[in-house]
Amino acid sequence: MTDKLDLCTKALSLRKELGQDTTSPIDIFSLAYTIPQLTLVFYPMGDHLSGMCIKNDGNPVIAVNSSMSVGRQRFSMAHELFHLFFDENEHSTVCTMKIGSGNDVEKVADQFASYFLLPPVALSEAIKKRQGSSIDSFGIKEIVKLEQYFRVSRQAMLYRLIEDNKLTPQQADKFRQGVIRSAVNLGYDDTLYKSLPENKQYKTYGYYIQQAEELLEKDLVSTGKYEQLLLTAFRPDLVFGDESKGGELND
Ligand SMILES: [Zn+2]
């Protein structure tokens, strides 16, 4: 039996530790860059895995399945933060795609991710604000508004509404299909529900890149080795340059 209050406290305390308040929607990937020595890898992992966390003796690596939608990737990142900060048993974990499935730790990590991205107080305030007094009637409009506000995928939003007894699983099933269309028809942008283009699905950020730069600066590796390190990390843009490098003109 999971202690929801304990998980919620963990989620809110990690938000604070990372310099966030306890209610606002967060840019989780920007936040991840502030975690010391964390390397973040985006890699398409197919239809069954959402991500992985390798603790690596204080030089952790979190990998996120970049073929998932942007909203789902954000949830996966929050899930991996649970493994990194609170899962004391495993040194490395590979995580399944379906939210709320897998072993007990996976389920707990999903609940944590949900509280981290949708803090309970913020969610209930957002529901009140958007629904007025008719808390009982959850339609597609309310669901899209909430997922857009908190930047989570439809499946993540429905998972939480079921957890909080706002929807039954049967009611939720009605909203699982036609996700993009339902949001676009209400006037929203669809980036939350789509993955990035294939050529942007392979990337490494964070500590690994800093380390490669440092090795080169200190003459500890040759330029060839440095380039090899970056190419291994899917960063040909740093080796060969690309048109957007610099970026001052359209910043
Ligand atoms: Zn996991």
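This passage describes the domains, the sheet, the nonpolar core and two contrasting residues of a predicted model.

The chain is divided into three parts: domain 1 (4-118), domain 2 (121-186) and domain 3 (203-240). The centres of domain 1 and domain 3, taken over C-alpha atoms, are separated by 26 Å. Domain 1 gives eight residues to the contact between these two domains, and domain 3 gives six residues. On the side of domain 1 that touches domain 3, five residues are nonpolar and three are polar. No charged residue is found on that side of domain 1.

An open sheet is built from five strands. Their order is β4-β2-β3-β1-β5, and the pairing is mixed. The edges are formed by β4 (92-96) and β5 (203-206). Each of these two has a single partner strand, so one side of each is left without a neighbour in the sheet. On average, neighbouring strands are turned by 15° against each other, direction ignored. Helix α10 (residues 207-217) packs on the sheet and touches β1 and β5. The direction of α10 makes about 75° with that of β5.

Strand β1 illustrates the mixed pairing. In general, strands of a sheet pair through backbone hydrogen bonds, either parallel or antiparallel. Strand β1 (residues 39-43) runs parallel to strand β3 (residues 61-65), and five bridges join the two. Within this pair, L40 has I62 as its bridge partner in β3. F42 is likewise bridged to β3, with V64 as its partner. Towards β5, the pairing of β1 is antiparallel and consists of four bridges. There, V41 is matched with T204 of β5. Four of the five residues of β1 are buried, so this strand is largely enclosed by the rest of the structure.

In soluble globular proteins, nonpolar side chains tend to be buried together. The largest nonpolar core of this model holds 48 residues. The members that touch the most other members are I62, A78, F112, A113, F116 and L117. Helix α4 (residues 104-117) gives the most to this core, with seven residues. Both domain 1 (4-118) and domain 2 (121-186) give residues to the core, so the core lies between them. The contacts of F112 include L7, K10, A11 and F82, not counting residues up to four places away in sequence.

Two charged residues, R15 and E90, differ in their surroundings. R15 lies in helix α1 (residues 4-17). Around R15, 20 other C-beta atoms lie within 10 Å. The cut-off for a buried residue is 20 or more, so R15 counts as buried. R15 touches Q20, T22 and F116, again leaving out residues up to four places away in sequence. The C-alpha atoms of R15 and Y207 are separated by 21 Å, and these residues are 192 residues apart along the chain.

E90 is placed in the loop between α3 (70-86) and β4. Around E90, 12 other C-beta atoms lie within 10 Å. A residue with 12 or fewer is exposed, so E90 falls in that class. Between the C-alpha atoms of E90 and L192 the separation is 31 Å, with their positions 102 residues apart along the chain counted as the distance apart.

Conventions
Residues are numbered from 1 along each chain as its sequence is written. This is a predicted model: local features need pLDDT of at least 70, side-chain atom pairs count only at pLDDT 80 or more; totals for chains, interfaces and linings use all residues. Two strands pair if DSSP finds at least two bridges between them. Axes are lines fitted to C-alpha atoms, for helices over the stretch in contact, and angles run from 0 to 180 degrees between N-to-C directions. Two residues are in contact if their C-beta atoms, placed from the backbone, lie within 7 Å. A nonpolar core is a set of buried Ala, Val, Leu, Ile, Met, Phe, Trp, Tyr and Cys residues joined through C-beta atoms within 7 Å. Domain bounds come from an automatic or database domain assignment.
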